[in-house]
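Please open the model in your viewer and keep the sequence panel beside it, since this tour moves from one selection to the next.

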Amino acid sequence: MPEDILSSRRGFLVWSGTACAGLFLSGCSRSKDEGSRDAGHSRKAVLSEDILCEHGVLQRSILIMEASVRRLDAHMGLPPEALPGAVEIIQTYLEDFHQRKEEEEIFPYFEKAGKFNELIAVLRNQHQAGRRMTEIIQNLAASAIRDSEKRRKLDIAVNRFAYMYRVHTSREDTVLFPALYQVVGPREYEKIAEDCRKRQQQLLGENAFARVIEKTLKIEELLSIQDLETSTPDF
Ligand SMILES: [Fe+2]
Ligand SMILES: [Fe+2]
């Protein structure tokens, strides 16, 4: 995958392929099962599985942002691709795909049924706030290495962004999405899953999840946070 493609949002859309589609990559590296996942493209879409994977991508992008800020605060070198790379993943894979999917394919079923209206209003509002914040983070990232005031603002922005999305996804995962079966029947649920898969295919093309994980892993390697074991406390 050429590096210049990673640096362009439009390029990402061309480069990206299908999303989660049933593959769980062991330890974040490409597994030998990946081909079978691609080959198993006709496999039934499972909405909860896709959302699980997409939220996982969000969490890993946030971890990259947090690691980048820690390096800046410690005056360690920060690879210039790290923060912009995480922002690009969030904008392209989460904001343009995952969140639009929630807003257009899933939330309306609850709204129509009059369930969780207040929660959904907050979730929609947080999507907008998140979009504004990724732009702020993107702008601050360019000059934070040299400017201590911008570094302080970046620190605050990343902290607030991370906290908001931890709360946000915790409610989606434990309150809203488990209740989807209360507002749609099994057939409708399957249709939503298929429509979401088609949306992903049209927007991102083939193998998007595998590709976004590959991109994520490359950035994690730049920051030396790719090894899961390093996050285990030694006490
Ligand atoms: Fe959301
Ligand atoms: Fe979500």
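Begin by selecting His98, which in this predicted model sits in helix α5, the helix made of residues 82-113. If you count the C-beta neighbours inside 10 Å of His98, you arrive at 23, and because 20 or more are enough for a residue to be called buried, His98 falls in that class.

Keep His98 selected and add Ile51, a residue that stands 47 residues away along the chain, although the C-alpha atoms of the two are separated by 7.8 Å. Which residues are in contact with His98 once its neighbours within four places in sequence are left aside? Add Glu54 and Tyr93 to the selection, for these are the contacts that remain for His98.

Next, move to Phe116, which you will find in the loop that runs between α5 and α6, the latter covering residues 117-143. Look at the backbone here, where the phi of Phe116 is near 55°, a positive value in a residue that is not a glycine. Is Phe116 buried, partly exposed or exposed? It counts as partly exposed, because it has 19 C-beta neighbours inside 10 Å.

For the last stop, select Ser224, which lies in the segment after α10, a helix that spans residues 208-222. The backbone of Ser224 also deserves a careful look, as its phi is positive, at about 60°, even though Ser224 is not a glycine. With 10 other C-beta atoms within 10 Å, Ser224 is exposed, because a residue with 12 or fewer is placed in that class.

Terms used. Residues are numbered from 1 along each chain as its sequence is written. Chains are lettered from A and ligands numbered from 1 in the order in which they are written. This is a predicted model: local features need pLDDT of at least 70, side-chain atom pairs count only at pLDDT 80 or more; totals for chains, interfaces and linings use all residues. Helices (H or I, at least four residues) and strands (E, at least two) are DSSP runs, numbered from the N terminus. Two residues are in contact if their C-beta atoms, placed from the backbone, lie within 7 Å.
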